[in-house]
Amino acid sequence: MELWKIFSKGLVLENPILVLALSLCPAIAVTSSVVTAITMGLTVMYVITFNNVVVSLIRNFVNPKVRVPIYIISIATIDTLAVLLLKAYAPLLYKELGIYLELVVVFAIILARAEVFASKNSVVRSFLDGFGMGCGFLFAMVIIGIIRELLGNGTILGISVFGQAYDPALLMILPPGGFILIGYLVALFKIINNYWEKRQRIRGEVA
Amino acid sequence: MKEYLLLFASAVLINNFVLSRFLGLCIFFGVSKNVNAALGMGMAVTGVMTLSSMCSWAMYNLVLVPLNLTFLSLVVLVLLIASFVQLLEMLIRKFIPTLYEMWGIYLLLIATNCVILGVPLINIEANYSFALSTVNALGAGVGFGIALVLMASLREKLRFADVPKSLEGLGVAFILAGCLSLAFFGFSGMINI
């Protein structure tokens with residue numbers, strides 16, 4: 001039960017993109033199509049989970065004074081692996097994602113999870129925390145990607161949905177559309193979270 | 001000379017780092033609540049970006065390339081820039097205290113930030129010469145500063161507006177950034193490099 005809670009909080013209540021508003025750069029930059037959004041989401045999921053495990057494993061040997069540089073080296077190494085793999089096996093995707101893939105290193109959410117959670121918790125819990133946060137990230141990226149590709153191009157994963165008659169709203173796949181869409185999504189998640197909290201409170205009073 | 005001017009203009013207006021490349025959004029939304037802070041942050045970013053891009057160019061082209069270690073560039077550049085900003089902060093605090101009072105708090109915020117790391121990576125990818133990468137970094141910093149100050153002035157005005165409750169704060173700031181980005185979109189196609 002408790003483990004499920006660690007995993008699930010990253011999905012909605014503490015969603016890294018929509019609620020914590022961390023790591024927004026990729027959320028807008030690479031979500032103009034679903035494929036790039038998924039690739040980016042998976043990369044981040046892998047880096048954050050792997051890094052949480054590594055940080056948790058070494059948490060008793062690291063001198064607290066130098067912990068941040070050590071976390072950064074760990075993140076950079078793990079991310080370099082992902083970059084090199086994609087470069088070798090999916091050069092087209094790599095080209096499309098460009099420098100954003102390399103910039104995963106400086107995503108605040110990864111360092112934040114290492115510092116706040118993994119450096120204080122056991123390996124299993126850290127793994128679940130990273131995995132949950134990664135899933136939340138992937139989930140938000142895919143939602144944004146689907147909405148933008150559907151409205152801006154009339155397709156999902158390159159398959160036409162609305163048929164020929166649809167006149168695509170080009171704005172949505174351009175940068176401004178990304179900003180505006182995220183604005184509304186943040187507002188939507190705020191409403192959902194408020195509703196959820198109210199319900200929890202009522203349930204608490206009844207119990 | 002023309003090449004440099006074109007690159008500068010394109011980095012400031014057309015490929016604006018915040019509004020069309022989405023780098024440094026954390027700073028962009030975090031420090032754009034009042035104009036004075038935005039101005040300070042803009043100058044700090046410009047300074048740090050130019051200097052750190054010079055360092056990274058030297059590191060990459062004079063050390064990593066001859067040693068055939070370019071696959072380590074990410075690890076090396078992140079550490080280089082983070083320690084460089086730390087060093088800069090110490091030097092400024094020691095020798096120019098007045099500047100430190102203006103900039104100090106921003107310097108640590110930008111030590112590991114995507115916009116500061118992004119510019120050297122773009123320079124490496126485009127294979128720019130030392131002068132060109134410096135100009136690119138300078139333009140990127142100025143463009144970032146302009147966008148930040150514009151955004152801050154808009155948000156100061158917004159304080160008197162009646163915004164729906166769920167959109168308050170971050171939500172409306174994003175929509176505002178979208179409009180600003182739309183305005184900057186008008187510059188695209190002006191210069192082709």
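## A charged pair within chain A

Which residue meets Arg113(A) in a salt bridge through its side chain? In this predicted model, the partner is Asp129(A), and the N to O separation of the pair is 3.0 Å. Arg113(A) belongs to helix H7 of chain A and Asp129(A) to helix H8 (residues 123–153) of chain A, so the salt bridge ties together parts of the chain that are 16 residues apart in sequence. Both Arg113(A) and Asp129(A) are buried.

## The other salt bridge

The search of the whole structure returns two salt bridges over all chains. Besides the pair already described, Glu115(A) forms a salt bridge with Arg67(A), and the closest N and O atoms of these two residues are 2.9 Å apart. This pair links distant parts of the chain, since Glu115(A) is in helix H7 (residues 108–118) of chain A while Arg67(A) is in helix H4 of chain A, 48 residues apart.

How exposed or buried are the two partners, Glu115(A) and Arg67(A)? Glu115(A) has a relative accessible area of 26% and is therefore partly exposed, and Arg67(A), at 29% relative accessibility, also counts as partly exposed. In the salt bridge between Arg113(A) and Asp129(A), by contrast, both residues are buried.

## The interface of chain A and chain B

The contact between the two chains draws on 32 residues from chain A and 35 residues from chain B. Together, chain A and chain B bury about 3000 Å², and 84% of this area lies on carbon and sulfur atoms. On the side of chain A, Cys25(A), Ile99(A) and Phe179(A) supply 21% of the area that chain A buries against chain B, which is more than any other three residues contribute.

Four helices of chain A, namely helix H2 (24–29), helix H4 (67–89), helix H6 (99–102) and helix H9 (175–206), each supply at least two residues of the side that touches chain B. The largest share, 11 residues, comes from H9(A). Sorted by class, the side of chain A that touches chain B has 26 nonpolar, three polar and three charged residues. The rule finds zero salt bridges across the interface of chain A and chain B, and the count of residue pairs in polar contact between these chains, with both residues at pLDDT 80 or more, is likewise zero.

## Helix H3 of chain A

Helix H3 (residues 34–57) of chain A has 24 residues, which at 1.5 Å a residue should span 34 Å; because its end C-alpha atoms are 34 Å apart, the model agrees with that expectation. H3(A) is mostly covered, with 17 of its 24 residues buried.

## Ser74(A) and Lys5(A)

Ser74(A) is found in helix H4 of chain A, the helix that also holds Arg67(A). Ser74(A) has a relative accessible area of 11%, and because buried means under 20%, this residue counts as buried. When residues up to four places away in sequence are not counted, Ser74(A) touches Asn51(A) and Val54(A).

Lys5(A) is found in helix H1 (residues 2–8) of chain A. With a relative accessible area of 58%, Lys5(A) is exposed, whereas Ser74(A) is buried. The two residues are 69 residues apart along the chain, and their C-alpha atoms are separated by 27 Å.

How values were computed
Residues numbered from 1 in each chain as written. Chains lettered and ligands numbered in written order. Predicted model: local features only at pLDDT ≥ 70, side-chain atom pairs only at ≥ 80, totals over all residues. Heavy atoms only, no water. Contact = heavy atoms within 4.5 Å. Buried area = accessible area lost by both parts, 1.4 Å probe. Salt bridge = Lys/Arg side-chain N within 4 Å of Asp/Glu carboxyl O. Polar contact = N/O pair within 3.5 Å; in protein donor to acceptor, adjacent residues only side chain to side chain. Nonpolar A, V, L, I, M, F, W, Y, C, P; charged D, E, K, R; others polar. Expected span 1.5 Å × (residues − 1). Buried < 20%, exposed > 50% of the residue type's maximum accessible area, 1.4 Å probe, protein only.
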